[in-house]
Structures are given as structure tokens and as C-alpha cells.
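Visitor: I have a model open and would like to learn how to read it feature by feature. Could you walk me through it?

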Amino acid sequence: MAMPPVSDLQQQAAECLQQQKYSEAARLYEQLIQADPAVMSSYWYAGLALLLQGQETEAQMTWLSALSQGEPEQVEAWTAELVEILLKMAEQQEAQGELQTAWLIRQYGREFAPTHFNNLLAIVLLAAQLNDLATYAEPALTEATQLLATQQLLEVEPERLLRVMNVVAEINPDHPFFPALYEAGDRISDPEWQICNRLSQIYAQAGAHLLQQGRDNEACHKFRDALSLGEKLTEDNFAVAHFNLGICLFKQGEFTEAREHFQVVKEMDSNFPNIQLQLSRVNYHLQNIPKGYQFSGDWFGRNVFLWEEHLMHLAHRPDLNILEIGSWEGRSACWFLENLLTQPSSSITCVDTFAGGGGADFSGSDNRDVIEARFDHNVSRTGSPATVIKKVGTSREVLRSLPLNFYDLIYIDGSHFAADALEDAALSWGLAKVGAIIIFDDYDFHFENSPEEDTYIGIDAFLNAFSSKLRLIHQSHQVIVEKIAD
């Protein structure tokens, strides 16, 4: 029986392949090979038909035996032709929802063309659709990362690359793929800056993640990288990265540079959340550096913005008297002395055990002398002419000895147990003049397993009991009220 013309066999084989009649397609391509062994595409399609019917070993043997017949120049051209056929079929399988098959075909494309960057990206996207990146994507992603570092990439599909960036960023924004992409830089065509913009966002995201983990130095590097990419763009959408970098630098004590980034944020958006608060904090620290204070920590800086807003009307008044319950090393006392108590007729009374507990009944501590010495040193550095009256003892004892109706401002920051906060507030009420300001600290304290330490419970009890005699001025992590009746 005569063999049909080659053109007819080719058409029949292609139709069988399209109709998923893979066994018949493989048989027809074998006939085409016999009819003309020099037509290499017959080998490629024959192997593809075998692969699609699950005969992987036979498919590999068909392809490799054909490739072994050529000279190096021929093998390069034949391999390119084979890869093109494989990837075209992979796309068809993807369109039909045959994701596992598409992934398998692309894996063979990867073996024959390991530097085909777009195929590696496609494998990662298929793995995401298969919901198993670790199994199906990581080898291809590793190779793509290596290519970014070593190869001159001429063809990159921007949209596919962007999709891969989104997939990888969702599971690990700190993946080595991104630094490699960053280093590749101008070797990737990105005429609309889409890739650059997304990479900047991913770096900012990674930085925020590291910042939450307390890895401030690493976070700084990520934010700097995000901003270096952002400088290439015209959009002013990098305020968050500037803000977070400022936070990192602030935590590392780099106050001058931190302020520079906060100022950039304010210029971008004057209503950016908490920007004025952070500027106040950093300015507070910069102003204090030359004064030689000795502070071991800062739980106070976040209050500066609030106090500048609500207390400066008291500044420079003669005969201004302040009571502070809980002074520790004197940070808040120093602020009062520098900003409000500027007249020699003014005074501040500071009540503390200097044993770590402010106004409550705490036993002695080996650090008591150290803390008290720091307090003495720090208040002496203010240069304020006002009188500082230090009362060493518990608030429940000391407050009962103080003059009634005497103080213009009372700051309650002693023990943070709810009962102690309530007791300090009640004992302070009669000491405050009508019109006096009373400030409660740490209203936001909440301990699920120790509700007795929830400061707000004691503060709320006081506010409810005295609600008709006070005016609420502010409520956040601090509560500020005015005494309006005795």
C-alpha cells in the first residue's frame, strides 16, 4: 500500500495532535520521519506526541537522538526550533486549563533552553496557579535569579515579569530574586518604569516587614533601595518609604538624617499620618543632644507633639506650679523646666521612689541610687531658674503632705496598675486648682492576661466619677483634662 503524500501526512498528524489523539499523531510523525529523515520538525512533534501521552522517556530519546546527528551550529538552530514548538504547545495547554501538562512541557523547554528567561517566569506563574510554589517554582526561580546576575537579557516580557514579582512578593518580599532584579537594572527594558516602580514598592514592603521584626539595619537598606529606584520616577508616591526610613534611622540614633526624611514626607504630604509627631520627636532629641543628658531610654518623646499643642499656653507664666507623679530619670521634668517653667517664681514637685515604680509602693532596688543620680544630673542640665522639689517616696504617702488647691498642672505617670492610677488621680484632685490641667500617661496599656495592669481601667473610673467637674481636652495614649469645678 502506497504512503500518502508527505503534505497529507503532515496535515493529518497536526490534526491528531490538535484533537489530542496523541498515539495516532506519534505514529503519523514516525511515518514522516521515515519518509524524510532530514525534516527535523517531525522528530520534535513525534516526541511531543509521546510526551503528551505519558511516554516521557521515549519523548526524550526521540529528541536527543535527532539532536545527536547535527553539528554544533545545527544543534543550536534545531534546539531553538524544538523549544519554540514546546512552548507554543505549553501555551495551548494552559489555555485549555491543563496546567500540570503545561508545566511539564515547559520543564522540558527549560532543560533544552535553560537561559530562556520568559519560560522560567512562565513556570513560576504556573506553579502559583497550581498552588505549590515550593515544588513547582523554586528551581526555575533560582535559575531566573542566576540569569539576572550573569546574563545580558535581551528579551523580557514586562507584563509576565510583573506578575512573577507580585507572586514572589506575596510569599517572600525578601527573596533573592529582587536584589538580582535590582542589580540587573538597565539591562531590562522597562520603558514605562512599571518594573522599576513595582520593585521599589516591594523593597518598601520588605523593609516594613523587617522593621516590624526589629531588624532595623536590614530594613534601612531595603528602604534606601526602594528610594533609589523611586528617584527614577516622576510620581511622588514614596512618602511611606521615606517615613519608614526615618523611623529606622530614629531608632538607630541617626536623628539628623531621620529628620531629613521626615521633612521630605511633610513636603510630599503635609497631612501624612503622624508626620508632625515624628518631627517633634526627632527635633526634641536633636535639641537635647548638646545638653549632656543621661537617659537610658525614651518613653517620653512621643508626647512632645501633644504637649506642644495643649500646654504651651502655660509657658513663661510666673508662679506656675507643676506636680509630677513618677519622674524616673527626669525626661518629662526636663521638658517642663525647659519649656514651661522659665520663671524663678515657678516650681516643679517631682514624686518618685526611684526604684522603678513611680508613685506606688515598690520595694528598694539596687538601681535606686543610679536612677536618682541621673534624675539629679538631668534636671541640673536644664539651666531653668525654677525650683525643683524632689520628694522621694510613694505617692500615697507624699501626696497627702502636699498643699491643696496649689498646682496648675499635674502629670500622673507613676504606677501603671489600675488601682494605683485611680488612687493617684483621686489624691491629686484636691491638689489641683480650678482651671488646672491634669495629664494621665499610658492610657493605651492593655494586658489580656493581667487586667489589673490595664491603666485605663483606673483612669476611666476617675473620669466617670468626676465627669461633671472636668473637661476632656485630649484622649489617645495620654488623656488630658481640665479641672473646671472643685
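Guide: Gladly. This is a predicted model. Let us begin with a single residue, Ala 419, which is found in helix α21 (residues 418-429).

Visitor: Is Ala 419 buried or exposed?

Guide: Ala 419 is exposed, because its relative accessible area is 56% and the cut-off for that word is over 50%. For a sense of scale, take Ala 122 as a partner: the two residues are 297 apart along the chain, and their C-alpha atoms are separated by 63 Å.

Visitor: Now a whole helix. How many residues of α18 are buried?

Guide: Seven of the nine residues of α18 (residues 331-339) are buried, so this helix is largely enclosed by the rest of the structure. The buried ones are Arg 331, Ser 332, Ala 333, Cys 334, Trp 335, Phe 336 and Leu 337.

Visitor: How do I read the packing of two helices?

Guide: Start with a general idea: an α-helix has 3.6 residues a turn, so residues three or four places apart point the same way. Then look at α7 (117-129) and α9 (residues 138-150). Their axes come within 9 Å and cross at roughly 145 degrees, and the crossing is left-handed.

Visitor: Which residues make the contact between α7 and α9?

Guide: From α7 come Phe 117, Leu 120, Ile 123 and Val 124. Helix α9 supplies Ala 140, Leu 141, Glu 143, Ala 144, Leu 147 and Leu 148. By character, nine residues of this contact are nonpolar, none is polar and one is charged.

Visitor: Let us turn to strands. What is the strand order in the seven-stranded sheet?

Guide: The order is β3-β2-β1-β4-β5-β7-β6, in an open sheet with mixed pairing. Its edge strands are β3 (387-392) and β6 (470-475), each of which pairs on one side only. On average, neighbouring strands here are turned by 15 degrees against each other, ignoring direction.

Visitor: In what sense do β4 and β5 pair, parallel or antiparallel?

Guide: They pair in the parallel sense, over five bridges, with β4 covering residues 407-412 and β5 residues 432-440. To place one of the bridges on your screen, find Ile 410, whose bridge partner in β5 is Ile 438.

Visitor: What should I look for in backbone angles?

Guide: Look for a positive phi in a residue other than glycine, such as Asn 405, where phi is near 50 degrees. Asn 405 lies in the loop between α20 (395-398) and β4, and it is partly exposed, with a relative accessible area of 43%. Asn 131 also has a positive phi, of about 60 degrees, without being a glycine. Its place is in the loop between α7 and α8 (133-136), and Asn 131 is exposed at a relative accessible area of 71%.

Visitor: One last feature. How many disulfides are there?

Guide: In general terms, a disulfide is a covalent bond between the sulfur atoms of two cysteines. With a cut-off of 2.5 Å between the sulfur atoms, the count here is zero. Cys 248, for example, is in no disulfide, and the nearest cysteine sulfur, that of Cys 220, is 4.1 Å away.

Visitor: Where does Cys 248 sit, buried or exposed?

Guide: Cys 248 counts as buried, at 0% relative accessibility. Cys 196 is buried as well, with a relative accessible area of 8%, given that the cut-off for buried is under 20%.

Terms used:
Residues are numbered from 1 along each chain as its sequence is written. This is a predicted model: local features need pLDDT of at least 70, side-chain atom pairs count only at pLDDT 80 or more; totals for chains, interfaces and linings use all residues. Side-chain values use heavy atoms; hydrogens and water are left out. Two strands pair if DSSP finds at least two bridges between them. Helices (H or I, at least four residues) and strands (E, at least two) are DSSP runs, numbered from the N terminus. Axes are lines fitted to C-alpha atoms, for helices over the stretch in contact, and angles run from 0 to 180 degrees between N-to-C directions. Buried means under 20% relative accessible area, exposed over 50%, partly exposed in between (1.4 Å probe, protein chains only). A crossing is left-handed if the near helix is turned anticlockwise from the far one by less than a right angle, and right-handed if clockwise. Contact means heavy atoms within 4.5 Å. Ala, Val, Leu, Ile, Met, Phe, Trp, Tyr, Cys and Pro count as nonpolar, Asp, Glu, Lys and Arg as charged, and the others, Gly among them, as polar.
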